[in-house]
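Work through the exercises below with the structure open beside you. Try each task before reading its solution.

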Amino acid sequence: MGSTSNDPLNTSLALSWPASPRAVLFALLATLAAYWLAARSYKQYHQNLTEQEFVQKHGCQPLKPWKARWPLGLDVLISALRFAREKRILQFFLEVVDQNGTTFEQNLLGGRAVNTVDPENIKAILSTNFEDYTLGLRTLQFRPVLGSGIFTQDGAAWEHSRALLQPQFRYNRTQNFEQIKICAQRLIDDIPRDGTPIDLQPLCFRLTFDTTMFLLFGDSAVSASDWGQVAEKESEFAQAFNTAQDYLATRGRFGPFYWLINNREFREACNTCHRFVDEAVSKALKASASKVKFKDTDDERVGYVFVDALVQETKDLRVIRDQCLNVLLAGRDTTGCCLQWTFRLLARHQRVLDRLRAEIGEIVGLGESAPAPTRDHLKKMKYLELVIKEVLRLYPSVPVNSREAARYTTLPTGGGPDGKAPVLVRPGEGVGYCVYALHRRKDIYGEDAHEFRPERWEDEAMQNIGWAYRPFNGGPRLCLGKEFAELEVYYTVARVVQVFPRIEVPTSELDVAVGDETQNLTLVVSSAEGCVVSLRGLD
């Protein structure tokens, strides 16, 4: 056969096929890059068009940027880290608000977010435009500790968890109050009668731990023969839970880079928390199997236990553990913080303590032998209510919070030269709100907004303060345990003051101004200096 070099077919193939595979790869990549750029440009064009239409429709105007001096807001970030190391991060937030106003744009590390302490904007986030927001990265940031539960869920999952918890607060009021009384008495029994200084902070957290365990597991938490083995590990759990929360707070501040915070200490703290709750669940379920289930009475359903309801929904112990840890966080830490701040403030404000002591003495009497307050007695203690309201104003249990926009939405105020126009919030952008700073606004609470003065709530102008006071959040996610938490705090404070009418700051303790103390900010805020006081009974 002759040569095929002149074959028309071979000649055609030679002319149509590139000489080098590298050239083929280059051409392919160039084509893909061009396609990606074109698609991206079209998508961006479409988004810009949609955004412009949305802005025009809602009258949005530009938001005031924060006063950062360095690119990417690095100077602000460095300052925040320094304040955090000094345990003064909330004081830093107050300074930022003073410098930038009540609503401003945050540009940190290339990402845009909105920060606000404006009541109307907070109302929009939590209520009016509730469906426009999600918890954002919180689910991923908190997953190693809390998994999937009411504190980390959105949408249908959150609604289902909330429905499971509601009966515990709705029906077990008598049982819940009796358990509060038992736990408060344990705290009182641990207080020296001779005025020896004692740190009430760990006792307050133990009290709220015990009452929350009762909410979760019912009377098995206090009566099961082998429950003591679990309760003895409370201090180990508390230390691990506090450590885990420290890391969760750091992960939250790292935003999308939260995954960088995942060292051995954090993982071990998570494992300790999980082991404790797993054992508690196991023992509670064994006790539950042998007891009579809840029954209906004329005024309430008695014996409803959260863990029993969970078992009816799932046999997955991890799901049960996640839900229990979420409730423990909400029940133990928030109320425990409120109690320790209350006693710390009363010891430093004798005028307030004098009036509160007089009210308690008039209604139920003073001294350890005086009858313990009933729920009807507590309802008559109007000044006690004002005291707790003022404590929660100055030290809201969850002082900083945020949401992430799920779609284009607006905040009603903050835009334009006068700061009164609506503000655009894009999908995926975060909106942070600091209740700690909101509650200290002098234009709302007066020039003494940073001071502890319960009498401010007797002013008629304060009666309709609305969304300027948010210690329990608001809207659909309003704290489910609000009534229980208030009852727990009212009774414990009233009973402690009744038994120990004299509460003072020991001479060994520094008497710092309200807000100047060092603080531990995790998901809640507690005093880094504890709550060291001296308590004495009647002479």
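The exercises below concern a predicted model and go from the whole chain to single residues.

**Exercise 1. The chain as a whole**

Task: State how many helices and strands the protein chain has, and what share of its residues count as buried.

Solution:
- Step 1. The protein chain has 21 helices and 14 strands.
- Step 2. The chain has 539 residues, and 50% of them count as buried.
- Step 3. Now take the contacts between residues at least 6 apart in sequence: 77% of these join residues at least 24 apart.

**Exercise 2. An open sheet**

Task: Give the order of the 5 strands in the open sheet, then name its edge strands.

Solution:
- Step 1. The order is E1-E2-E10-E7-E3, with mixed pairing.
- Step 2. Strand E1 (103-108) and strand E3 (133-134) are the edge strands, since each pairs on one side only.
- Step 3. Look at one pair inside the sheet. Strand E7 (residues 400-405) and strand E10 (residues 430-434) run antiparallel and are joined by 5 bridges.
- Step 4. Glutamate 404 has glycine 430 in E10 as its bridge partner.
- Step 5. Add the helix that lies across these strands. Helix H5 (residues 119-128) lies across E1, E2, E3, E7 and E10, and runs at about 125° to E10.

**Exercise 3. The cavity**

Task: Find the volume of the largest cavity and describe its lining by class.

Solution:
- Step 1. A search of the whole structure for cavities of 30 Å³ or more finds 1.
- Step 2. The volume of the largest cavity is about 780 Å³.
- Step 3. Its lining has 37 residues; Phe151, Ala330, Thr334, Cys479 and Leu480 lie nearest the centre.
- Step 4. H7, H9, H15, H18, E7 and H21 each supply at least two lining residues. H15 gives the most, with 6 residues.
- Step 5. By class, the lining has 22 nonpolar, 8 polar and 7 charged residues.

**Exercise 4. The second largest pocket**

Task: Repeat the description for the second largest pocket, starting from its volume.

Solution:
- Step 1. The second largest pocket has a volume of about 520 Å³.
- Step 2. It is lined by 20 residues, and those closest to its centre are Arg173, Arg375, Glu483, Phe484 and Leu487.
- Step 3. The helices that each supply at least two lining residues are H7 (155-171), H8 (173-189), H17 (375-380), H18 (382-394) and H21 (482-499).
- Step 4. H21 gives the most to this lining, with 6 residues.
- Step 5. By class, the lining of the second largest pocket has 8 nonpolar, 3 polar and 9 charged residues.

**Exercise 5. Two residues**

Task: Is glutamine 323 buried or exposed? Is arginine 441 buried or exposed?

Solution:
- Step 1. Place glutamine 323: it is in helix H15 (residues 317-348).
- Step 2. Glutamine 323 has a relative accessible area of 5%. Buried means under 20%, so glutamine 323 is buried.
- Step 3. Not counting residues up to four places away in sequence, glutamine 323 touches Ser148, Gly149, Ile150, Gln153, Ser161, Phe306 and Leu310.
- Step 4. Place arginine 441: it is in the loop between helix H19 (435-438) and helix H20 (442-445).
- Step 5. The relative accessible area of arginine 441 is 12%, so this residue is buried under that cut-off too.
- Step 6. Leaving aside neighbours within four places in sequence, arginine 441 is in contact with Thr102, Val117, Asp118, Pro119, Gly446 and Ala449.
- Step 7. Threonine 102 and arginine 441 are 339 residues apart in sequence, and 9.2 Å apart in space, C-alpha to C-alpha.

Methods
Residues are numbered from 1 along each chain as its sequence is written. This is a predicted model: local features need pLDDT of at least 70, side-chain atom pairs count only at pLDDT 80 or more; totals for chains, interfaces and linings use all residues. Side-chain values use heavy atoms; hydrogens and water are left out. On a 1 Å grid over the protein atoms alone, a cavity is a set of points where a 1.4 Å probe fits but cannot get out, and a pocket is an open set with protein on both sides within 12 Å along at least five of seven lines; lining residues have an atom within 4 Å of a point. Grid points are joined across faces, edges and corners, and a volume is the space filled by probe spheres set on the points. Helices (H or I, at least four residues) and strands (E, at least two) are DSSP runs, numbered from the N terminus. Ala, Val, Leu, Ile, Met, Phe, Trp, Tyr, Cys and Pro count as nonpolar, Asp, Glu, Lys and Arg as charged, and the others, Gly among them, as polar. Two strands pair if DSSP finds at least two bridges between them. Contact means heavy atoms within 4.5 Å. Axes are lines fitted to C-alpha atoms, for helices over the stretch in contact, and angles run from 0 to 180 degrees between N-to-C directions. Buried means under 20% relative accessible area, exposed over 50%, partly exposed in between (1.4 Å probe, protein chains only).
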